[in-house]
Amino acid sequence: MRITLATAATALTLLLPTLASAEIKTDTVRQKAEQACYDDVNRLCADAIPDEEKIKACMKVHREQLSPKCRTIFDSSMK
């Protein structure tokens with residue numbers, strides 16, 4: 001299954017911590033998450049798409065295989 005940018009963006013929303021700050025800041029964080037994790041989601045968790053909970057669980061299982069930037073964002077969202 002090939003991932004689309006819209007599906008990846010939706011899935012990556014799960015990676016973002018809930019922010020009560022300005023919407024612009026949230027958009028910036030979201031863009032960074034999309035850029036950092038798009039390939040990882042496609043490579044490691046394509047079978048889980050479009051189920052966002054399955055994608056999140058998949059990324060947790062494959063945490064050690066995530067790219068460094070994606071892992072940093074993923075880890076910060078798990079705090």
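Cys 37 and Cys 70 pair up as a disulfide in this predicted model, with 2.1 Å between their sulfur atoms; a disulfide here is a pair of cysteine sulfur atoms within 2.5 Å. The link bridges distant parts of the chain, running from helix H2 (residues 23–44) to helix H4 (residues 68–77), with its two cysteines 33 residues apart. The torsion about this S-S bond is about 110°, so the disulfide is right-handed. Cys 37 is buried at a relative accessible area of 0%, and Cys 70 is buried at 0% too (buried: under 20% relative accessible area, 1.4 Å probe, protein chains only).

The whole structure holds two disulfides, and the other one joins Cys 45 to Cys 58, S to S 2.2 Å. Cys 45 sits in the loop between H2 and helix H3 (52–61) and Cys 58 in helix H3, so this pair ties together parts that are 13 residues apart in sequence. With -90° about the S-S bond, the link is left-handed. Both Cys 45 and Cys 58 are buried. Counting bonded cysteines along the chain, the pattern reads 1-4, 2-3.

As for the fold, the protein has four helices and zero strands, in the order α-α-α-α (helices are DSSP runs of H or I, at least four residues; strands are E runs of at least two; numbering starts at the N terminus). Of its 79 residues, 33% count as buried.

Residues are numbered from 1 along each chain as its sequence is written. Local features need pLDDT of at least 70, side-chain atom pairs count only at pLDDT 80 or more, and totals for chains, interfaces and linings use all residues, while side-chain values use heavy atoms, leaving out hydrogens and water.

Note on methods. Buried means under 20% relative accessible area, exposed over 50%, partly exposed in between (1.4 Å probe, protein chains only).
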